[in-house]
Amino acid sequence: MRKFSKFEDTLWYATAPDAPKTVPLEGVVKADVCIVGAGYSGLTTALELARKGVSVVVLDREEIGFGGSGRNAGHCTPTFTHFSLPELRKHMGAPWADRLIPRQTRANDKVTEMISRYGIDCEWEQNGYVQGALFPSHLKTLRGQMDSYNAVGARTRMLDRDEVHAVTGSSRFYGGWLHEEAGGLNALAYARGLGRAVQQEGGVIYTGTSVTGCDREGRAWVVKSARGSVRAEKVIYTTGAYTVAGWPKLDQTYRIMRVFVAATQPLSAASQAVVLPKRTTIQDGRGDIYVYKYNRENRIVASMFPMGARGRDPNLTRKILSARLKWLHPELREELRWDYFWYGDLDMQRRTVPRLYGLAPGVVAMTGLSGRGVPTGSMIGGILSDWAMGVAEQDLDLKLEPLSCQPLYMSLAPQAALRSYRLRDNLRAKIQKAPLPPFA
């Protein structure tokens, strides 16, 4: 059985409000819908259903937000991870892409609505997201992103060199793309707030409950655990990269890609004036990405993907994180101390968009958030609740597919892609006489 990294190491665990009270499942419980997985996807689905008067039970092996929902870096940028919108339309086809795109690009409206409606204390700041250009030719790509996202109603714009410096505090960029609707939050506080909202609407959450199987008994499905069971008409699995048993081969629908996140000490006022003075989230624009933002305590929260010793050697990794941040912000004089360092797992698959699997009549699963967990997990509840409410398969906003396993090469492909992006960007910088960041 897979072992997950320590949840208690995360900044969010140290700073989030307490979790709502839950207990393990004991005995037999009945519900209209049983959801396995108390992360963003499962909780937003439960919330949508409970608000419509559907009786819903959520089960989780650990605790609310234990998986990617409580470990992610807290960025909430309503875009797609890998594909441009034209590429997404080509890969998904009609009508699926044209249905999913509005869901994803308006996801932050959903996040804002839930936070406001339920008073979720999660450090929500909607100060935008900047993708920088570290070499001149990248500006053309960013203009294409601006045009395609603005065409579907997003509020984005290009920044020239002076503007991107004013917004980010970095003089390294030739320009950038600003998504004005993006935001950031305390990842675990948001998950726990959603759990509290589910309970407020009448949903029931059981934690410390490992699902051992799901069997048909008459007209109901029985979701089993060691000390109890849930009888339900419909079952939804939303366990993502933290799937452990529950349904045969569900954990083979994706391959794990690890990410690490780190947080500094609270920075001084002088440092805040030269590093993200507008408190935006920033992605440095390289394919081998470096992303960072502030939390409520004015700590920089940064994330990267492991590569070689980076990510495995904590001391070297902290050195790389500091060197990159100080290179991007040469005016930063404060010595950096990375007080928190933790890992999370992504459920990667080839298309990098969520996949909705029909496991059996009345049973579905969703995996493959692939790194846009906050906005995607927040909007996906609307699609899964539509399915549970009986919306016809052809009218859903995700195509219902038979369960399919990811090929073995996907265990290596994401890392290989990162290395190729790194080489590509280094070559472009050399050709265009642009400086390279340290450890590039």
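Two strands pair if DSSP finds at least two bridges between them. With that convention in hand, the reader may turn to strand E4 of this predicted model, which covers residues 129–133.

E4 has a partner in strand E13, made up of residues 281–283; the two run parallel and are joined by three bridges. Within this pairing, Val-130 of E4 is matched with Ile-282 of E13. E4 also pairs with strand E6, residues 175–179, here in the antiparallel sense and over five bridges. Val-130 takes part in this pairing too, with Leu-178 as its bridge partner in E6. Val-130 thus has a bridge partner in E6 and another in E13.

The surroundings of E4 can be considered next. The strand is mostly covered, five of its five residues being buried. This holds on both faces: one side presents Tyr-129, Gln-131 and Ala-133, the other Val-130 and Gly-132, and all are buried.

Attention now passes from the strands to a pair of helices. Helix H2 spans residues 40–51 and helix H6 spans residues 107–118; their axes come within 13 Å and cross at roughly 60 degrees. The crossing in which H2 passes H6 is left-handed. On the side of H2, the contact is formed by Thr-44, Leu-47, Glu-48 and Arg-51, while H6 contributes Lys-110, Glu-113, Met-114, Arg-117 and Tyr-118. By character, the residues of this contact comprise five charged, three nonpolar and one polar.

How values were computed. Residues are numbered from 1 along each chain as its sequence is written. This is a predicted model: local features need pLDDT of at least 70, side-chain atom pairs count only at pLDDT 80 or more; totals for chains, interfaces and linings use all residues. Side-chain values use heavy atoms; hydrogens and water are left out. Axes are lines fitted to C-alpha atoms, for helices over the stretch in contact, and angles run from 0 to 180 degrees between N-to-C directions. Helices (H or I, at least four residues) and strands (E, at least two) are DSSP runs, numbered from the N terminus. A crossing is left-handed if the near helix is turned anticlockwise from the far one by less than a right angle, and right-handed if clockwise. Contact means heavy atoms within 4.5 Å. Ala, Val, Leu, Ile, Met, Phe, Trp, Tyr, Cys and Pro count as nonpolar, Asp, Glu, Lys and Arg as charged, and the others, Gly among them, as polar. Buried means under 20% relative accessible area, exposed over 50%, partly exposed in between (1.4 Å probe, protein chains only).
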